[in-house]
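Colleague: I have a model open and want to learn how to read it. Can we go through it feature by feature?

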Amino acid sequence: METVSDQKDIEERVVAVLQTVYDPEVPVNIHEMGLIYAVDVDPLGAVTVSMTLTAPNCPAAQSLPAEVEEKVGSVEGVMGVHVEIVWEPPWDPSCMSDAAKLQLGML
């Protein structure tokens, strides 16, 4: 059984891999874009990623969750992945990190 420390390590590795996933229309990773609402790691190493998209009709609605599932599943210690698409709260540009806003010329 994993310890809380192990769970935290897995969570940090998952966040790092999420920073390698990009929305194809925006040159900013989905973590900095604010599309990741939560990463939960259970004691057995199963990971649930709660994420949203910039809009319900987002062209990447199929590809982004699949890429998240694939990349998170490749993280050492992850024993399973569930990607949950949520629409509440709705995403808007205020969800972006300052780094993302700076990169997009919004600061």
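Colleague: Start with a cysteine. Does Cys58 count as buried or exposed?

Modeller: First, the ground rules. This is a predicted model, with residues numbered from 1 along each chain as its sequence is written. Local features need pLDDT of at least 70, side-chain atom pairs count only at pLDDT 80 or more, totals for chains, interfaces and linings use all residues, and side-chain values use heavy atoms, with hydrogens and water left out. Now the idea: buried means under 20% relative accessible area, exposed over 50%, and partly exposed in between, using a 1.4 Å probe and protein chains only. Cys58 has 6% relative accessibility, so Cys58 counts as buried.

Colleague: How many disulfides are there?

Modeller: A disulfide is a pair of cysteine sulfur atoms within 2.5 Å. By this rule, the count is zero. Cys58 is in no disulfide; its nearest cysteine sulfur, that of Cys95, is 14 Å away. Cys95 is in no disulfide either. At 29% relative accessibility, Cys95 counts as partly exposed.

Colleague: Next, strands. How do β1 and β2 run?

Modeller: Helices (H or I, at least four residues) and strands (E, at least two) are DSSP runs, numbered from the N terminus. Two strands pair if DSSP finds at least two bridges between them. Strand β1 (residues 36-41) and β2 run antiparallel, joined by five bridges. Asp40 has Thr48 in β2 as its bridge partner. The two strands form a hairpin with four residues between them. In the turn, Gly45 has a positive phi of about 90°.

Colleague: In which sense do β2 and β3 pair?

Modeller: Parallel, over six bridges. Ala46 stands opposite Gly80 in β3. The chain crosses from β2 through α2 to β3, and this β-α-β crossover is right-handed. The test: with the strands pointing away from the viewer, the path from the first strand over the helix to the second runs clockwise. Another facing pair is Ser50 and Glu84 in β3.

Colleague: Which residues of α2 are buried?

Modeller: In α2 (residues 63-73), they are Leu64, Pro65, Val68 and Val72. They cover an arc of only 95° around the axis, so they lie on the same side of α2. That arc is taken from the directions from the helix axis to the C-beta atoms. The buried residues of α2 pack against α1 (4-18), β2 (46-51) and β3 (80-85).

Colleague: And the core?

Modeller: In soluble globular proteins, nonpolar side chains tend to be buried together. A nonpolar core is a set of buried Ala, Val, Leu, Ile, Met, Phe, Trp, Tyr and Cys residues joined through side-chain atoms within 4.5 Å. The largest one here has 28 residues. Those with the most contacts inside it include Leu18, Ile30 and Val68. α1, β1, β2 and α2 each give two or more residues to this core. α1 gives the most, with five.

Colleague: Where does Ile30 lie?

Modeller: In the loop between α1 and β1. At 0% relative accessibility, Ile30 counts as buried. Ile30 and Leu18 are twelve residues apart in sequence but 6.9 Å apart in space, C-alpha to C-alpha. Contact means heavy atoms within 4.5 Å. Leaving aside neighbours within four places in sequence, the contacts of Ile30 include Leu18, Met51, Leu64 and Val68.

Colleague: One last backbone feature. Which residues does the cis peptide bond join?

Modeller: Glu88 and Pro89, with omega about -5°. Pro89 sits in the loop between β3 and α3 (98-103).
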